[in-house]
Amino acid sequence: RIFKIIEMKLKIFISFVVYLLSLSLYSISMANEEAQYDVVHKNEIYEVRYYSDRLVVQVMNKNDNNSFRKLFNYISGANRSSKKISMTIPVTQTKDNNATYMQFYLPSKFTKETIPSPTNPEVKISTIKEGFFAVIRYSGRASESNFDKHSKILENKLKKDNISINGLPIKATYNSPFTLPMFRRNEAMFNVNWNKN
């Protein structure tokens, strides 16, 4: 029985070390490419960006803290081509039909035809359609409370400016967990109707 407990603790420790190593690689590789956009409006609270179609790999969050690992495994070679794929930024979390998804943006060189299929059936390739997104940027921890606070600031300002919001807020993070909170780039964004010249 004692040996089983030791074995279990050892497995947990090894999993934790692997997770930390993956986060370190994540931190290094995040500088590769950022999803491109054009800023069409900016004020003291937010900016409105236009994004073209973006290809993402995503997985449904199941409250098991494995979403990041599943996506990281995919870009590390857990795909039909055993191909390593560069990490890009941001990592986003969004809700759709009462489900929450974590998404990695895929490098712009890929298309739906050229991107390798995931080997894990829980990991899906998807496209975020082009559109305008109002974005508020903030530092600090990438916690839900910090995200909720800033998404509410953004929502109130958009309503005050008579800008229609489509759907729920999207959480975007740009740094590894090892980055000091004061230096982190976090964003809350809404898809919006934008027709101002």
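**Reading the contacts and strands of a predicted model**

Guide: A search of the whole structure finds 11 salt bridges. The model is predicted: local features need pLDDT of at least 70, side-chain atom pairs count only at pLDDT 80 or more, and totals for chains, interfaces and linings use all residues. Residues are numbered from 1 along each chain as its sequence is written, and side-chain values use heavy atoms, with hydrogens and water left out.

Visitor: What is a salt bridge?

Guide: Side chains of opposite charge can pair when their charged atoms come close. The criterion is a side-chain nitrogen of Lys or Arg within 4 Å of a carboxyl oxygen of Asp or Glu. Lysine 157 and glutamate 44 meet in this way, at 3.7 Å from N to O. That pair links distant parts of the chain, 113 residues apart: lysine 157 belongs to helix 3 (residues 144-160), and glutamate 44 to the loop between strand 1 (38-42) and strand 2. Helices (H or I, at least four residues) and strands (E, at least two) are DSSP runs, numbered from the N terminus.

Visitor: Is lysine 157 buried or exposed?

Guide: Buried means under 20% relative accessible area, exposed over 50%, and partly exposed in between, with a 1.4 Å probe and protein chains only. Lysine 157 is buried, with a relative accessible area of 18%, whereas its partner glutamate 44 is exposed, at 64%.

Visitor: Which residue forms a salt bridge with lysine 171?

Guide: Glutamate 144 does, and the closest N and O atoms are 3.1 Å apart. Glutamate 144 lies in helix 3 and lysine 171 in strand 8, so the pair ties together parts that are 27 residues apart in sequence. Glutamate 144 is partly exposed, with a relative accessible area of 44%, while lysine 171 counts as buried at 6%. Within helix 3, glutamate 155 forms a salt bridge with lysine 159, their closest N and O atoms being 3.2 Å apart. These two residues are four apart, about one turn of the helix. Salt bridges that share partners also join Glu34, Lys42, Glu47, Arg49, Arg185 and Glu187 into one network.

Visitor: How many bridges pair strand 7 with strand 9?

Guide: Two strands pair if DSSP finds at least two bridges between them. Strand 7 (residues 131-138) and strand 9 pair in the antiparallel sense over seven bridges. Valine 135 stands opposite methionine 189 of strand 9, and isoleucine 136 has alanine 188 as its bridge partner there. Strand 8 (residues 165-173) pairs with strand 9 too, antiparallel and over six bridges; here alanine 188 is the bridge partner of lysine 171. Six of the seven residues of strand 9 (residues 186-192) are buried, so this strand is largely enclosed by the rest of the structure. Strand 7 is mostly covered as well, with six of its eight residues buried. Five bridges join strand 7 to strand 2 in an antiparallel arrangement, and one of the matches is tyrosine 50 with phenylalanine 132.

Visitor: How many aromatic pairs does the structure hold?

Guide: Rings of Phe, Tyr and Trp (its six-membered ring) pair if their centres lie within 6.5 Å; planes under 30 degrees apart count as stacked, over 60 as edge-to-face and the rest as tilted. The structure holds five such pairs. Tyrosine 51 and phenylalanine 133 are edge-to-face, 5.7 Å centre to centre with 85° between the planes. They are 82 residues apart, tyrosine 51 in strand 2 (residues 47-51) and phenylalanine 133 in strand 7. Both tyrosine 51 and phenylalanine 133 are buried. Phenylalanine 68 and phenylalanine 72 are instead stacked, at 6.0 Å centre to centre and 15° between the planes. Ring pairs also link Tyr37, Tyr51 and Phe133 into a cluster.

Visitor: Where do phenylalanine 68 and phenylalanine 72 lie?

Guide: They are four residues apart in helix 2 (residues 67-75), separated by about one helical turn. Seven of the nine residues of helix 2 are buried, so this helix is largely enclosed by the rest of the structure. Phenylalanine 72 is buried, with a relative accessible area of 11%. Just after helix 2, glycine 77 takes a positive phi of about 130°.
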